[in-house]
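Biologist: I am new to this model and would like to take a close look at a single part of it. Could you walk me through how two of its elements pack together?

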Amino acid sequence: MKIEKIQSFYCRYENRIVYITILFFLLLRVFYVFALGNFDKSSFWGMDAYGYNEYAKTILYDSSWLKGTNFIGSTREPVYPFFVAGVYFLFGEESFLAVYLVQAFLSSLMLLIIYKTANLVVNSKAVAYLSLLWSGFYIFYLRWIGELLRETLVYFLYALFFYLLFKLLKNKSVKIKNILFISIIYTLLIHTDGRYLFYAPFIIILFLIYLRPIWLALKNYIIFGLLVVVFTVPWSIRNYI
């Protein structure tokens with residue numbers, strides 16, 4: 001009887017409970033930034049953070065990055081440096097606190113995406129809320145928020161991609177504009193961390209599971225793949241030059 005009452009209460013106030021929980025985790029992340037954030041630039045030397053910091057400043061002040069590789073961090077994928085450069089543009093050069101706070105917000109938004117994805121895939125509010133709680137306290141989602149590193153952005157794009165993909169596939173009525181959007185998100189993901197390109201051949205499995213007939217699944221996967229290739233062309237041309 002008590003379980004039924006709890007379920008009834010949760011269903012009645014689901015949105016409030018979820019958003020209050022996410023607000024709690026946002027505050028936890030902000031606290032983490034101020035308590036454990038890395039604001040010591042000297043510790044960046046020789047580390048990934050040093051390359052991202054220099055790459056972002058080069059984007060802001062030197063257009064040579066468009067046609068050359070003679071700058072620090074040039075071997076890195078471009079999306080995270082662009083993200084950092086955008087924050088620097090708005091809040092000032094090497095405004096690490098601003099970067100970390102934006103990452104705290106993205107991490108909290110990711111929790112909402114995880115909640116919606118779990119609810120979409122298993123159709124269980126209880127499982128979705130447990131997924132939200134687990135993700136909120138998961139140490140690796142917290143660990144990188146206070147660092148000038150790409151992990152938080154990678155997690156966010158990864159979660160967003162699979163949420164949109166599952167939403168598209170479970171809808172059954174696949175539209176080109178929806179495939180276009182997930183292709184953009186996936187392109188951003190692999191241009192943040194190129195290792196996620198490894199996922200590309202296996203994504204077809206999800207298309208085949210959710211879409212019928214098979215030819216429809218294959219057609220939409222091919223469209224998705226071609227769009228990703230097209231969106232990758234500009235950066236490939238830049239690298240070739």
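Is the crossing of α4 and α5 left-handed or right-handed?

Modeller: Happy to help! This is a predicted model, in which local features need pLDDT of at least 70 and side-chain atom pairs count only at pLDDT 80 or more, while totals for chains, interfaces and linings use all residues. Residues are numbered from 1 along each chain as its sequence is written, and side-chain values use heavy atoms, leaving out hydrogens and water.

The crossing of α4 and α5 is right-handed, meaning that the near helix is turned clockwise from the far one by less than a right angle. Helix α4 covers residues 79–91 and helix α5 residues 96–122; helices here are DSSP runs of H or I with at least four residues, numbered from the N terminus. Their axes come within 9 Å and cross at roughly 120 degrees, where axes are lines fitted to C-alpha atoms over the stretch in contact and angles run from 0 to 180 degrees between N-to-C directions. The two helices are therefore oblique to each other, a word for angles that are not under 35, over 145 or from 65 to 115 degrees.

On the α4 side, contact (heavy atoms within 4.5 Å) is made by Tyr80, Phe83, Val84, Val87, Tyr88 and Phe91. From α5 come Phe96, Ala98, Val99, Val102, Gln103 and Leu106. By class, that contact has 11 nonpolar residues, 1 polar and no charged ones; Ala, Val, Leu, Ile, Met, Phe, Trp, Tyr, Cys and Pro count as nonpolar, Asp, Glu, Lys and Arg as charged, and the others, Gly among them, as polar.

For the wider setting, the chain has 11 helices and 0 strands, and its C-alpha atoms fill a box of roughly 65 × 50 × 25 Å along the principal axes.
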